Structure formats: C-alpha cells, structure tokens
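Q: I'd like a close look at one part of this model: chain A. Please take me through it in one go, down to single side chains where you can.

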Amino acid sequence: MTDGNTTDDLADERASLVEQVPERRRIAIAIVGAVFWTWLLARWAYHNALLDVIATALGFPDLIRSEVPVLVRQGWIPGGPFRAVADAVAGVANALGPADVLLEWLVWLADLAAFAATIAPKLADGAFITVYLTVVSLLLGLVIAVPLAVARVYGGRVLSTLSLGYTELIRGTPLLAQLFFLWYALQLGSVARAIGFTGEPPIPQAAAMVAVVGFTINSAAYQAEYIRSALQSIDAGQLTAARAVGLDMRGTIRHVVLPQGLRLAIPGWTNEFVYLIKYSSLAAFITVPELFRAAEGVGSDTFRYTKVYVIVGLFYLALVLTTALAMGRFEAAVSIPGLDSSGNQE
Amino acid sequence: MTLLELEDIEKAYENEEVLHGVSLGMEQGDVEVLVGPSGAGKSTLLRCVNRLTEIDAGTIRLAGESIHDLDSNDLRQRVGMVFQDFNLFAHRTARGNVTLGLEEVLGMDHDEAVERAEAHLDQVGLAEQADSYPAELSGGQQQRVGIARALAMDPELMLFDEPTSSLDPELIGDVLAVMNDLAAEGMTMLCVTHEMGFARSAADTLTMLDGGRIVERGPPERLFENPQHERTESFLGQFTDFE
Amino acid sequence: MVVSGALRSLDPALTRTAIVLQSGDWGVVASNFDFLLVGTAVTILLTVSSLVLGFLAGFPAGAIEVYGTGRLRGLVAGAGVVLRGTPIVVLMMLFYLGLPIPQLGTVPGLEIRVSPFIAATLALGLRSAAYQGQVFRGAIQSIDDGQMEAARAIGLPRRGAVRHVIFPQAVRRALPGFQNEFTIVLKDTSVAIAIGLAELLTRAEYLFVQPERSTAMFELILAVSAIYFVLTFATNRTLDRLQTRYAIPEGDG
Ligand SMILES: Nc1ncnc2c1ncn2[C@@H]1O[C@H](COP(=O)(O)OP(=O)(O)OP(=O)(O)O)[C@@H](O)[C@H]1O
Ligand SMILES: [Mg+2]
C-alpha cells in the first residue's frame, strides 16, 4: 500500500524531530538531556541487582540498593523546597485576589516540580523497561528487517511477494491489535512462563517478553520499508561494476549494496527508533510496568492525573529528543562524502 | 597466441535483434577500437565478452577456452571492464574501490591488497587521492580509479566502454594517457571509443559496427584513408574534420 | 477493561448486558456483528474528524514554519515538537482528564459518549496537525526557488506568488504524506481504548474479556484486525488511484 511508496518522502519529512530546531535550542536540549540521562542511569545503577552483587563482593554492601522494593524507593531530589515555593507564591496570590493568572501559573509549576520530585523514582523504574523494550525490539527488528528488505528487492517473485505480504499486513493493522493478538489470542505470556527463565535478568517478566516479540515483529516491517527504499536508491551501475570485478550476487549485496543502503536508511531508522519509544507505551495494555503504566499507577494513587501525564509526557520527550540528537550525531559519524540521506549520490 | 575469439555471435533482446553473427579475433597484446553509431550494438558486444549479457548463439573463446565453460565470476576476474559512467562504489575511497575485488574475489589479505591497490593508483597518477571518496574526485580522476580497479585484478583482457564520453573535454587527456600507456605495455584492449586520435595512435585494428554487423575491419590507417564501404566513410568522416 | 481507575463512567455500548447465545467461537463474531459494525463506524468517524482537525490546523502550521517569523513561528515549531515527541496514549489521557470537556451526553446510534470522543479527536487531530504541518513544510521547501522568482518576475506580489504558484504545487506534492497520515491516524484510533471510547478494538476487548466469551479471543481479535486491514488497504488503493489520476506530469523534479 502506499504507505510503502511514500517512505522516501517520509524519511525526509519526518526523520528528524530536531533537524528543524535552531542550533542554540539544540544545545539546550543536549545539556538538559545529559543531566536527565545521568540521573536516569544513576537511578538504574543504584537499584541494579547485578551491580549490587559486584559492589558487595568488592566490600561496599550498601552502595547499590537493589533490595529496596520499587514502591518505597526514595527520590534524590527533595520535593520540599518546591512545595515551599508553591505555598509561598500561593499565599501571595491569595493576598492579591483571584485575578493574577501569572502567579497561579507559578504556583502550578512549583507544585508540578514538587510532585515530579516525589514520583520521579517510580517513573525512573518504568523508564528502564521502556528503554529496554525499545532497544531490544529495535535491534531484533533490524536483524529481521535486513533480510526482509533484501528479499523484497532482490528476492525474485516468491520471496519478494512474501516479504511484501508481511510488511503490508503488519503496517495495515494497529500495533495494539497485534499486541492483543499475541497476549490474549495466542496466550504467549503463558507460553513464555512455561518455558521459564522469565523475570531473571536480562530476560524480563513474561508480559514484557511478549511486548518485545510484538514490537520486534512490528518494527521489522517498518524498518524493512526504510531499508528497501534506501537499497533501491543505489545506482544500478555500481551493481554492474561489482559483477564486472567478479563479485557474485551475495558479495555484491554484502559489500556494495548494504554498506550504502544501511547508511542511507539511518534517518528512517531514527524515525523508527523514536516511533518505538513512543509506542512502547502500548505495552501498558498487556500489563507491562513500563513508563506509561508507572504513571498510571501514580495517577490512580494520587488522583493528580493532569500533572502525572504532563510529567510523564516530559519524560518521553526527553527520551525521544535525546535519541533524535544522538542519532543525528551517529549519522554524521558514519557519513561518507557524497553519500547522503537525501537519497542523491554525488 | 589468439587471446579472444568471437564466432557468429547473435543476441536479441525481447524481440529486437541486436547482434547478427559478429566474428572477430584478437591476438595477445592487440588493441582494437570498436566504433559505430548509437544503437549499433557496441556495448552489447562488450558485455557479452564478460558475460554481463549472455549470447543467444555463437562461441566466445578466451585463450582457447569457451567462456561458457568458465564460472562467470572467474571469467570476470580475467577480463577487466571500464564503464562510461565510472560506476565507482560510492561508499568506498579510491583505495577501497580497488581493494574490494582483491580481498573479496581474489581472497587477498588486507595489507597485500592495499599495497597492490596503491601501486595501481600510482600507475594511473592518483597516489595522492587514495583516501578520497568518489564524490571528492573529478570525473577524470574517477575514471582513472575505475581503470585501476580493473587493472588490479591482473586481467588478461581489458574492455573499455566509452571511457571518456562522460568527461569534460579538458579531462579526457589524462584518461587517454593512461590508456596509451597500457597499450604500450602490451595489454590486450577492446575499446569502444570515438576518440579517433587514440584509434590512430594506439589501435592495431579498427572495427566499424553498424546494425549489429561488422561493416569493415582493418588497420586504422586503411579505414581512415581508404574505406571500402560508404557507411564507414561517412561515419568516420564526421570525425576527421576535427583532427 | 479500562486502564485507568479514573474512568468511572463508560460508553453505553460497554454497559449493555451481554447476549450469550453463541455456539462456536466464530459464532461469537457473527452474533455480535452489528455491535462490531457500529464500532467500525465509530473508528471511521474518529479518523475523519481527527484528520480534518489535523488538516485545518496543520496546513497553516506548515505555512507558518516556512513563511512565519519570530515568536509565532517558534511557538508553532515548539508545539509541533512536543506533539510529535509524546506518545498518543499520553496525549489522550491528558486531554481526557486534564481538559475541562463538559459532559455532553451520548451519541444515540453509536452508543458512545461525546466527551471521550472529543478528547480523542483533539489528541489524534492535534498530533496529526503536527505531522501534516511537517509534510506540508517539506513540500513547500521542495518547490524550486525559481518558481518564486518567476512568479515575482511576472509581477505577482509575494503573497500572491505563494498562494497561486507555491501552494498549489506544494499541496499536490504533499499528497503522499497526507495519505500516509491517514493510515497512521486510522490505526491509532485503537488507542482510544485507554479512555473507554467504544471504537472497534475497545468493543472486541469488551466482548472477549467476559468469561463466557473468552474462548473467542482469537476469533474476535482476528476479525477486528481484518477490518482494520481492509480499511487501510482499500483507502490506500483508492487514494493511490486518485493521485495517479490528478498528478501533474513531472520530470526529475
Ligand atoms: N538490456 C537491454 N534490454 C533491451 N534492449 C537493449 C538492452 N540493452 C541494449 N538494448 C538495445 O540494444 C540495441 C544496442 O544497444 P547497445 O547499447 O549495445 O548499443 P551501442 O552501440 O552501445 O550504442 P551507444 O553508442 O548508444 O552506447 C539498442 O537498440 C538498445 O536499445
Ligand atoms: Mg553503448
């Protein structure tokens, strides 16, 4: 379907969330992003079971606290000062009467910050699962996507039709329906549990495994489309030249087509990365305690829904923007003069 | 020794017949220039020799062996080809373009391949540009990388398909100089080119192809001065004005 | 099931007493066919309303990103990044629970409440606007500068040049992107399950989470997936055909 034919346009128009952002603001995003990630990584490390074992073995039993249950984990950033600011400003606002919108906003913001400080540990745990789901599924998806794209372009009638059928089917149905299919219809969760190992690092609990399977299947189809259009943009003369020096089809694909095609596919791939970070939130619907579900939990405990979803939205934004920035860096690092993602060589 | 022999080659695409019984023989060290109007079948003939295109009927022998008894990839190691549009691998440096075939087809180890590649780049006057990517080279430089890429495989025969037709006039000279050197060193070369200066100075044989048939074939001087066919005369006549 | 505990009220479609007459699992699908068909109608309606909102807001947004200046442009661009960088489920929850959308009763034929429908339309529509704005921005920027110069050279003012020369070309060029947007919005209407809107997938789930029908999970999910697929496939093919018919002949543009 046409979402297939138009990936070229898509790759250009949607690839970079940050491409249009002015340089100064991009630097600001990078700094905030670095702080965010430092905090996030430190939180994950602090409660990481594996690191705990190592630290204990090295004689620091209290350095890493993996034994603390998720629900009672403490934040490092105190909410108190923000709360105090909120109360103080609220006092002033009350004195001035109800008219002052600006002050009310200030109160709201200070209150938001105080609330964020208290719920941040829970969200950090959710974010770990979000990142895990995204990265694992994206990489597994890539492993499937490369042969799918090659089959589509060079596979002959049968293979290319099969590859096309797969991508059309996956891209033509909602991701949530696919997750439901795996979770409810195929009951993959019980299958995973029956096989065992689930819940032991690095293998997550059964539901998260099912989510990984679903996201992998789904993102393979999208990644294959991006790679396919990149492969097709490589000039046929180079394939002839490769054959003329004596490379066979496999060698040509491996040494000439893929090194160029995969580079050209990076903007599309970034797009898919960002997409997957956002859509990993759907794993919440099959009970995976990732970032969105963590936020929901906080929401139903505190009834402060608006603030919870604003804060979790900011979490996702931070993840997505830092990813887009980092992928831009990556693209620049592996770029080759004359070979760029606008699809034009020379 | 007869290196290349074509006997009654026929080739048709879909329903269009392109080659009608072409026969020719080249001795080792011969330089043959193939000319003819657009659509005559020159490229097709060249591509049949390294089996980028398969013939319908006839025989092609390389050093006495039918090329159809050879594995096509082995054949292509023994026959180098240079293209009109260079067709350099865009993701590899000049050096990388040359080493790819050496490492992946001949199975040479990396250091040896690099050494050999650099020697051949030096031979075409591009020692300095080894680290440049195709997009950073001029057309003439790109084409010389293309020649080095083919030469590095140590071929018995080189095919050139209009190697200077995509070049700006001032860049043609460098490429022709490399081809002249090669001819002088005794490389067997089958060249489609309309550079008549090169044909006069370097070719042993000039062949006029039209409508998939050889119209006339012989020493370049004879075809220029004393063509036997009206078709040859009028075709070559276009070029002599510029000499 | 509704994910959030905040959603005490439910669409009428999801509160009726279940009819348990079926024999066999495909029988469940068959006997609830009408129920799912209405869900399909809700899905289509939500898709259309979101796309319309997306176009109405996205078209000017794209133009502002190219031709706008200063604060307005920064605001539009910033809002675009936020909308494109946030999961759709978060946007839906935020709009449903965070905005003061009045309780407007229900839509009788469709058995849905108005307020979650509005929230879903806002979430899907505004996010789509952000995407459609990007599609349109890209299309405008892809038009050769020479077009603007030629238009100015025949005496058109800048505004007129944009309106009569740039926009008509840009809109045609943006069509594949708009089409893609259609597929994305259609599929993402299923996320409205989070706010209990009785669209197609929500109805399937409502049916199969009830114990007496849980054996029909496989059939129900397959059936609704097939409906989604037919919708995306048919629309895409139709739009493909329209695009070929109305394309401007182009060389290597
Ligand atoms: N792959 C192909 N499929 C179908 N027809 C082809 C193919 N390649 C060449 N032809 C046709 O065969 C005829 C001869 O083509 P060829 O490229 O050999 O001519 P040429 O002498 O090299 O011409 P030119 O000087 O334009 O390069 C032409 O009519 C061309 O259209
Ligand atoms: Mg030719």
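A: First, a bit of vocabulary: a residue is called buried when its relative accessible area is under 20%, exposed when that area is over 50%, and partly exposed in between, using a 1.4 Å probe and protein chains only. Keep in mind that this is a predicted model, so local features need pLDDT of at least 70 and side-chain atom pairs count only at pLDDT 80 or more, while totals for chains, interfaces and linings use all residues. Residues are numbered from 1 along each chain as its sequence is written, chains are lettered from A and ligands numbered from 1 in the order in which they are written, and side-chain values use heavy atoms, with hydrogens and water left out.

Now the overall picture. Chain A is built with 15 helices and zero strands; helices here are DSSP runs of H or I of at least four residues, strands are runs of E of at least two, and both are numbered from the N terminus. Of its 346 residues, 52% are buried. Taking contacts (heavy atoms within 4.5 Å) between residues of chain A at least 6 apart in sequence, 75% join residues at least 24 apart.

Let's zoom in on some charged pairs. A salt bridge here is a side-chain nitrogen of Lys or Arg within 4 Å of a carboxyl oxygen of Asp or Glu, and that rule gives 22 of them over all chains. One of them joins Arg304(A) to Asp111(A), with the closest N and O atoms 2.7 Å apart. Arg304(A) sits in the loop between H14 and H15 of chain A, while Asp111(A) belongs to helix H6 (residues 101-154), so this pair ties together parts that are 193 residues apart in sequence. Asp111(A) is buried at 16% relative accessibility, whereas Arg304(A) is partly exposed at 26%. There's a third member to look for, too: Asp111(A), Arg304(A) and Lys307(A) are linked in a network of salt bridges.

For a local pair, go to Glu225(A) and Arg228(A), whose side chains meet in a salt bridge at 3.1 Å, N to O. Both are in helix H10 (residues 206-232) of chain A, three residues apart, or about one turn of the helix. Glu225(A) is buried, with a relative accessible area of 2%, and Arg228(A) is buried as well, with 8%.

Back to the loops, with the backbone in mind. Most residues other than glycine have a negative phi. Phe303(A) has a positive phi, near 60 degrees, and lies in the loop between H14 and helix H15 (305-333) of chain A. Phe303(A) counts as exposed, because its relative accessible area is 57%. Thr287(A) isn't a glycine either, yet has a positive phi of about 75 degrees. You'll find Thr287(A) in the loop between helix H13 (266-279) and helix H14 (291-302) of chain A, partly exposed at 38% relative accessibility.

Finally, turn chain A to see where chain C meets it. Here 45 residues of chain A are in contact with 51 residues of chain C. Between them the two chains bury about 4400 Å², 66% of it on carbon and sulfur atoms; buried area is the accessible area (1.4 Å probe) that two parts lose on being put together, summed over both. The rule finds one salt bridge across this interface, in which the side chains of Glu168(A) and Arg237(C) meet at 3.9 Å, N to O. There are also seven residue pairs in polar contact, both residues at pLDDT 80 or more. A polar contact is a pair of N or O atoms within 3.5 Å; within protein, one must be able to donate a hydrogen and the other to accept it, and residues adjacent in sequence count only if both atoms are side-chain atoms.

On the side of chain A that touches chain C, the elements giving two or more residues are helix H1 (2-5), helix H2 (7-14), helix H7 (156-171), helix H8 (175-185), H13, H14 and H15. H15(A) gives the largest share, 10 residues. By type, that side of chain A divides into 26 nonpolar, 10 polar and nine charged residues. In that split, Ala, Val, Leu, Ile, Met, Phe, Trp, Tyr, Cys and Pro count as nonpolar, Asp, Glu, Lys and Arg as charged, and the others, Gly among them, as polar.
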